[in-house]
Amino acid sequence: MALSDHLISPVVSLLTCSTAATLLLAAAAVTAAVAWYLFYRPSSQEPCDDDWSRLGVRFPKLPITFFGGSNFRLKISQLLEQYGDTVGLRLGGRLWLLTVNLDLLRTIMVKDFNNFVDRADTLNSNTPIARSLFFATGNHWRRQRQIVSPTFSSGKLKYISKTVELSAKKLADYLVQRAKDGAVVPIKDTSARYSCEVIARIAFGLEANFIQEEASEFFEHGKNMLMLSYEGISRFILMSMHRVPNLVDTCNRLFKSVQLFDAVNLTSNTYFKTVLTSTIAERKMQQRSGKERKHVDFLDLLLKANEAVRAGNPEKDEEGNASLAGTEGVATKDLDDEEMLGHSMLVIFAGLETTATTLQMCLFELARYPEIQDKVYTEIQNVLPEGEASPEDINNLHYTEWVINETLRLHPPIPTVSRKAKETRTYDGITIPKGACVMIPFWHIVMDPKIWPEPEKFIPERFSPEEKDRRDPMAFICFGQGPRLCLGMCLAYLELKQALVHILRKVKVVLNENTEPKKGAGGVEVKSSGLLTPVKPVLLAFELRQDNTQTPNSSDDTN
Ligand code: HEM
């Protein structure tokens, strides 16, 4: 299911501190057991619902459950195999349309976007992040997206490119050191430190040094901002109680109104509120005094964009506007302090895990396929053999980008997204009723052999211009699609390419007897749902590429 369904679904929202967590976890487990007994028994043979039959959609006659040994991905694949590319379901008391039909997805995500602006769930939280772009609905989303989109455009990236590069060099130096030590590297943690450092620096201008530093409050709170650990229980309860009408919506309203449960870790919320509130206030004062800062960051850009809205002249930017094409409404009110805070926290949350997972899996694939790594290295040597990598140089790394895309195809960090229908609509005989949710499993689309021959193989050339022209663009939607596309896509490519340039110039990434997986042992086994997570932490080894015996000094902090 969607990120919001898996990670922040109502019951994930249950817990905010460890004592309460233990009690509530126990209560949730008992509730789940009772619910399981009352609403779903594996022996039950009676049809669970036929709502979808009059809507022109095929649907399973027996209740669907994701428990009792089944796993989410497998179940979804079985359903699609059995019923075709579009299947009607009832889960958590809601109607869900599961579809991998690319024409229908184009209609939902792009052509008729105005009827599918919202994702399936909002965040059960009373903290600022719950009001941010990812979780906003309808006109609240439109207004925020219009204000923040121009600040994330590729044109604006030139302001922050040098700052990203600084962290990429530090990452490479760190790996050189590990190569000299002969140590294996828990690459997810290292990649997460890199992406978190980049965000702290480019988003808020903070003097972050997370790559080398063992303990960092910002990094720890960034990783733990949302209560991910209760994901399993939330799914268990929601998926099982399919017969309770409007269960999810009722839980959402209840948990939010009683204020007992919060999907956000409140300690992390307080930490970020303190750090970010003072940073925002300081920056506002600087802007009022007309002082120009040496290094521009996203906060500066956001304050300017907000000021423009207040002055009645919202920023225009070809990408920002294009990303809102086909939507209604214009931003007439600037972001208030709470919204600024929420947006800042969202950038940390949305940018940290996704980019770190992609870098982790990309380095693993390069270690697994040394000949592909050699090609990336050769391209880097040809395009920018040494010195600084400007955004233009980075744009010319075509093969490197194919490798990143192939990594995203095989390992999409967010494997599923969702949409919710505002009104009832019929497309080609399929009716999606008002309030129904659409489940879009990317990982299923990107493994379809009709679209991607030999889908399990890592073949970067699939993304050459000729191959791309032959394919429906909806077949590769790992950043989403339409006006609600990932806001940080250009930034993610910049971060990933800068990291690869500086790492591969200095070291080779390899698998050996001490790595996880070991050399020749095949792929990485991942957990079946939610954000893409390997079952065992991936450990990679690095070898010096040339004379890197000197103590690294390339990353002197010039900020
Ligand atoms: C490889 C890295 C990344 C991947 C694969 C990724 C993927 C996604 C996906 C699938 C969505 C949902 C799109 C949809 O519903 O159509 C999304 C939304 C979003 N992403 Fe990313 N993302 C990445 C990096 C980032 C970064 C670096 C940032 C910001 C710093 C970011 C900020 C956001 C935001 C704010 C949204 C919500 C957009 C909205 O609702 O309007 N993402 N991302």
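**Buried arginines, a ligand shell and unusual backbone angles**

Student: In this model, does Arg 462 count as buried or exposed?

Tutor: The model is a predicted one, and its relative accessibility for Arg 462 is 6%. Since the cut-off for a buried residue is under 20% relative accessible area, Arg 462 counts as buried.

Student: Which residue's side chain makes a polar contact with the side chain of Arg 462?

Tutor: Arg 462 lies in the loop between helix 18 and helix 19, and the residues that it touches, leaving out those up to four places away in sequence, include Arg 409, Trp 452, Pro 453, Glu 467 and Arg 471. Another residue on that list is joined to Arg 462 by a side-chain to side-chain polar contact of 2.9 Å, and that residue is Glu 406.

Student: Lys 468 also touches Arg 462; how far is the C-alpha atom of Lys 468 from that of Ser 216?

Tutor: Lys 468 is found in helix 19, and, apart from neighbours within four places in sequence, it is in contact with Arg 462 and Phe 463. Ser 216 is 252 residues from Lys 468 along the chain, and the separation of their C-alpha atoms is 42 Å.

Student: Turning to Arg 283, to which side chain does its own side chain make a polar contact?

Tutor: Arg 283 lies in helix 11, which covers residues 266-288, and it is buried, with a relative accessible area of 4%. Its contacts, with residues up to four places away left out, include Phe 204, Gly 205, Leu 299 and Leu 303. The polar contact, at 2.8 Å, runs from the side chain of Arg 283 to the side chain of Asp 297.

Student: How far apart in space are the C-alpha atoms of Ile 404 and Met 361?

Tutor: Ile 404 is found in helix 17, residues 398-410, where its relative accessible area of 1% makes it buried. Leaving aside residues up to four places away in sequence, Ile 404 touches Tyr 493, Leu 496, Lys 497 and Leu 500. Met 361 is 43 residues from Ile 404 in sequence, while the C-alpha to C-alpha distance between the two is 9.3 Å.

Student: What share of the residues in the whole protein chain is buried?

Tutor: The chain has 20 helices and nine strands. Among its contacts with a separation of 6 or more, residues 24 or more positions apart account for 78%. Of the 559 residues in the chain, the buried share is 58%.

Student: Where does the ligand sit, and which helix gives the largest share of the shell around it?

Tutor: The ligand sits in the largest cavity. Helix 5 (138-148), helix 14 (337-368), strand 4 (416-420) and helix 20 (489-506) are the elements that give two or more residues to the shell. The largest share, seven residues, comes from helix 14.

Student: Which class, nonpolar, polar or charged, has 19 residues in the shell around the ligand?

Tutor: The ligand is surrounded by 30 residues, of which the closest are Trp 141, Arg 145, Arg 419, Arg 484 and Cys 486. Counted by class, seven residues of the shell are polar and four are charged, and the 19 residues asked about are nonpolar.

Student: How far does a polar side-chain atom of Trp 141 lie from an oxygen atom of the ligand?

Tutor: A polar side-chain atom of Arg 145 lies 2.8 Å from an oxygen atom of the ligand, and a polar side-chain atom of Arg 484 is likewise 2.8 Å from a ligand oxygen atom. For the polar side-chain atom of Trp 141, the distance to an oxygen atom of the ligand is 2.7 Å.

Student: What is the relative accessible area of Asp 428, a residue whose phi is positive?

Tutor: Most residues other than glycine have a negative phi. Asp 428 has a phi near 45° and is found in the loop between strand 5 (425-427) and strand 6 (430-432). Asp 428 counts as exposed because its relative accessible area is 83%.

Student: Which residue follows Glu 516 across a cis peptide bond?

Tutor: Most peptide bonds are trans. The bond after Glu 516 is cis, with omega near -5°. The residue that follows is found in the loop between strand 8 (507-510) and strand 9 (539-544), and it is Pro 517.

Note on methods:
Residues numbered from 1 in each chain as written. Predicted model: local features only at pLDDT ≥ 70, side-chain atom pairs only at ≥ 80, totals over all residues. Heavy atoms only, no water. Near = heavy atom within 4 Å. Polar contact = N/O pair within 3.5 Å; in protein donor to acceptor, adjacent residues only side chain to side chain. 1 Å grid on protein atoms, 1.4 Å probe; cavity = no way out; pocket = protein on both sides within 12 Å on 5 of 7 lines; lining within 4 Å. Sits in = over half its atoms within 2 Å of the grid points. Helix = DSSP H or I, 4+ residues; strand = E, 2+ residues; numbered from the N terminus. Nonpolar A, V, L, I, M, F, W, Y, C, P; charged D, E, K, R; others polar. Buried < 20%, exposed > 50% of the residue type's maximum accessible area, 1.4 Å probe, protein only. Contact = heavy atoms within 4.5 Å.
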